[in-house]
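Reader: I've got a structure open on my screen and would like to walk through it with you. Can we take it piece by piece?

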Amino acid sequence: MNVIKYSTLTAAALLLAPGLAQAEISGDAVKIGYLADMSGTYRDLAGPGGLEALNMAIEDFGGEVNGAPIEVLSADDRNSADVGANTVRGWIDQDDVDLVAGMVASSVTIAVTNILEQQDKLGIVSGSAASSITNEHCTPNHIHWVYDTYPMANGTAKAIVDEGGDTWFLLTADYAFGHALESDVETVVKENGGEIVGKVRHPFPTSDFSSYILQAQGSGAKIVGLANAGSDTVNALTTASQFGLVQSGQTLAGLLIFLNDVQALGLDVTQGLQLTTGWYWDMDDESREWANRYYERTQRMPTMVQAGIYSSTLHYLNAVAETGSDDAATVREQMAATPVNDMFADDGRIREDGRMVHDMYLVEVKSPSESEGEWDLYEILRTIPAEEAFRPLSESQCSLVKG
Amino acid sequence: MAMSDSPRVTATRQRSARRRLGLLYVGLIVLGLVAPFVAYPVFLMKILCFALFASAFNLLLGFAGLLSFGHAAFLATGAYITGFLLSTYPGLTPELGILIGTLGSAVLGMLFGILAIRRQGIYFAMITLALAQMMFFFFIQAPFTGGEDGLHGVPRGKLFGLFSLQSNLALYYFVFAVFVLGFALIQRTVHSPFGQVLKAIRENEPRAVSLGYDTDTYKLVAFVISAGLAGLAGATKTLVFQLASLGDAHWHMSGEVILMTLLGGVGTLLGPLVGASLVIGLQHQLSQSPLGDWVSVILGTIFVLCVLSFRSGIIGELQKLVKRNFK
């Protein structure tokens, strides 16, 4: 390390922030590692588009923090926990990475956050769904930014029951993830005066949903809830559309479906589907302005995950600039002390379990006649306030909350 | 070997060949000992684990002629058992955890083997695939594996309760020792009379039967050794990454090990090591480069090229070259 440069920097930091004697930026650079699925199932959710959002954030910030350059490394985790863990270990040991961003598949995320805790570096999870990331798997070294299964399932279920959808049929993927979604939804539906009239479990993964969809149609339920994810949800939706489920008066509720899925499936298949999202590009002027800038670079509208990556990176860089340090604990404290007010969230805040809580939105997919363009997909039905959307801290199993 | 060679010449030649091979092994061990000072130890450990896995697979395909399409099940069983034991019982030392994981895989190999070796060729492959898929669904449902999320935070612990394996360098030497032991076992097996019978079965099973060999027993024993070593690789891998995930049990993993073995050279001892290094190295390098999206495509292309133009793999072709020019 260049001693003179180092001491100048320290001196500068001391001048800027009196009292922060330990403040410094390690390795004279802020290094951000972007880890995501760049080639598989989740490519369109985060993938190369997320990296673009990350780069936009750094450019908008000016490319450097207090004179220290910001460097970006990126890698494809191929949805494998081994590869993800190995990459992040290498980044920290060899490249002195300060922040790991992106992270989609929950197995990868949990593996990576374990390493981040061991090595005391910071991670911001934008892509993962599992609510366990800030519950039983919480660490003081990561923040979960965009969404998790709790608001996706509970928010959607509660909002739909409130709107009068009180009889439910559940289609569940037969493994731990599906079971968790199923039990969450059941509880919420019953608590709010609804009724589960039937449910069926399908193996994971399944390609032929005909018999399950017929069962759902025969059940007479007003709402058919899809407690599955990824290709299962896509296949179930396609089959439901072929069988005219929506046309025959039932409503589909997607518990884990994203803008890119809806866009890929098309409005013919997905119209009328109700789901919860953390962000939509056409929400307000600020989000539209950013989304249009993003569109110019990528020719795609951003998903909520990609928007979250932009928002969280800026928030991180602001905290680094503010404290003059890239030490995980210092930066996290500063991030938690500052409310998030940007194109992504209004008055979002980071709780002690690492969950960034912000308003979520119940949306309905437009019909082809209502839609005015390729990306005009959602109509926002209602806002789910932050305190209602996420799992309350009183139910948390996170050690940071209890202790 | 020419017809005119007298037995004495042949013996001398064999002895010098053995000496050359011995020198090669010593060279490789020295290389393995200094490697962590040059390359990143975690990356090297990953290569060693997969090289052991591929070598175990190669014992079956290369020397007994049995193409198993379900070896991921053994890798995952070793990984999950070891991971579960080490994270549940903090008093257990890592080498015991690995040993139990290996035994678990060997027992599973015995069960699979009894069913699978009754059939040959594609039917054998399909039976192993089917059984491995059953294990995959078991692992996804079983409460102790963590399902989709995997088993995390496995402690590295202290070897024999004495030496901490927390540092990457210490762990590297442990993994290297495990690999050398596993490799030596395979080397011994292949060059023993048992290995010769396996080769006879590979070349012509009815003839081996007519010579009075109980081929089913030989095949079963080979299957169990291979499964146990695959489990050893999985168990060691769990210690390195401190996690066991569903990816180990997925049939992609069974495919990947075939790719490594064929690329390096099936039926050669060093082939799987070279193949594993190449595949893991490429994946590692490519995933961090702008070509990241193309990893699968590039590996696929290499595989096609290998099958089309150099079928005996890198080491196989090298051996042919040496035989042709320097005999």
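Author: Let's start with a term we'll need: two strands count as paired if DSSP finds at least two bridges between them. Also keep in mind that this is a predicted model.

Reader: How many bridges join strand 14 to strand 15 of chain A?

Author: Strand 14 covers residues 360–365 of chain A, and strand 15 covers residues 378–384. The two run antiparallel, and Met360(A) has Ile384(A) in strand 15 as its bridge partner. The number of bridges joining them is 6.

Reader: Which residue in strand 14 of chain A is the bridge partner of Thr276(A)?

Author: Here we look at strand 11 of chain A, residues 274–277, which runs antiparallel to strand 14 of chain A. There are 4 bridges between these two strands. In strand 14, the partner of Thr276(A) is Leu362(A).

Reader: How many of the residues in strand 14 of chain A are buried?

Author: A residue counts as buried if 20 or more other C-beta atoms lie within 10 Å of its own. By that cut-off, strand 14 of chain A is mostly covered, and the tally is 5 of its 6 residues.

Reader: Which strands stand at the edges of the open sheet in chain A?

Author: The sheet has 6 strands in the order 2-3-1-4-5-6, with mixed pairing. An edge strand has a single partner strand, so one side of it is left without a neighbour in the sheet. In chain A that applies to strand 2 (64–65) and strand 6 (142–144).

Reader: What angle does the direction of helix 3 make with that of strand 1 in chain A?

Author: Helix 3, residues 81–95 of chain A, packs on the sheet and touches strand 1, strand 3 (68–76) and strand 4 of chain A. Its direction, set against that of strand 1 of chain A, makes about 170°.

Reader: Which residue in strand 4 of chain A does Leu35(A) stand opposite?

Author: Strand 1 (residues 30–36) and strand 4 (residues 99–102) of chain A pair in the parallel sense, over 4 bridges. Opposite Leu35(A) in strand 4 is Gly102(A).

Reader: At roughly what angle do helix 2 and helix 12 of chain A cross?

Author: Helix 2 spans residues 47–61 and helix 12 spans residues 304–323 of chain A, and their axes come within 8 Å. Residues in the contact include Gly49(A), Gly50(A) and Ala53(A) from helix 2, which meet a set in helix 12 including Tyr310(A) and Leu314(A). By class, this contact has 12 nonpolar, 4 polar and 1 charged residues. The crossing is right-handed, at roughly 30°.

Reader: Why do the buried residues of helix 7 in chain A end up on the same side?

Author: Helix 7, residues 210–219 of chain A, has Tyr212(A), Ile213(A) and Ala216(A) as its buried residues. Strand 7 (167–173) and helix 8 (230–242) of chain A are among the elements covering them, while the face turned away carries the exposed Ser210(A), Ser211(A) and Gly218(A). The buried residues share a side of helix 7 because the arc they cover around the axis is only 95°.

Reader: Is Gln299(A) buried or exposed?

Author: Gln299(A) is found in the loop between helix 11 (285–298) and helix 12 of chain A. It has a positive phi of about 65° although it is not a glycine. With 7 C-beta neighbours inside 10 Å, Gln299(A) counts as exposed.

Reader: Which helix of chain B gives the largest share of the side that touches chain A?

Author: The contact takes 24 residues from chain B and 27 from chain A. Helix 2 (41–64), helix 5 (121–141) and helix 12 (295–309) of chain B each supply at least two residues of that side. Its residues divide into 8 nonpolar, 12 polar and 4 charged. The largest share, 3 residues, comes from helix 2 of chain B.

Reader: Is Gly157(B) buried or exposed?

Author: Gly157(B) sits in the loop between strand 1 (151–152) and strand 2 (158–159) of chain B. Leaving out residues up to four places away in sequence, Gly157(B) touches Leu86(B), Thr93(B), Pro94(B) and Leu165(B). With 20 other C-beta atoms within 10 Å, Gly157(B) is buried.

Technical notes
Residues numbered from 1 in each chain as written. Chains lettered and ligands numbered in written order. Predicted model: local features only at pLDDT ≥ 70, side-chain atom pairs only at ≥ 80, totals over all residues. Axes fitted to C-alpha atoms, helices over the stretch in contact; angles between N-to-C directions. Left-handed = near helix turned anticlockwise from the far one by under 90°. Contact = placed C-beta atoms within 7 Å. Nonpolar A, V, L, I, M, F, W, Y, C, P; charged D, E, K, R; others polar. Buried ≥ 20, exposed ≤ 12 C-beta atoms within 10 Å, placed from the backbone. Arc of directions from axis to C-beta.
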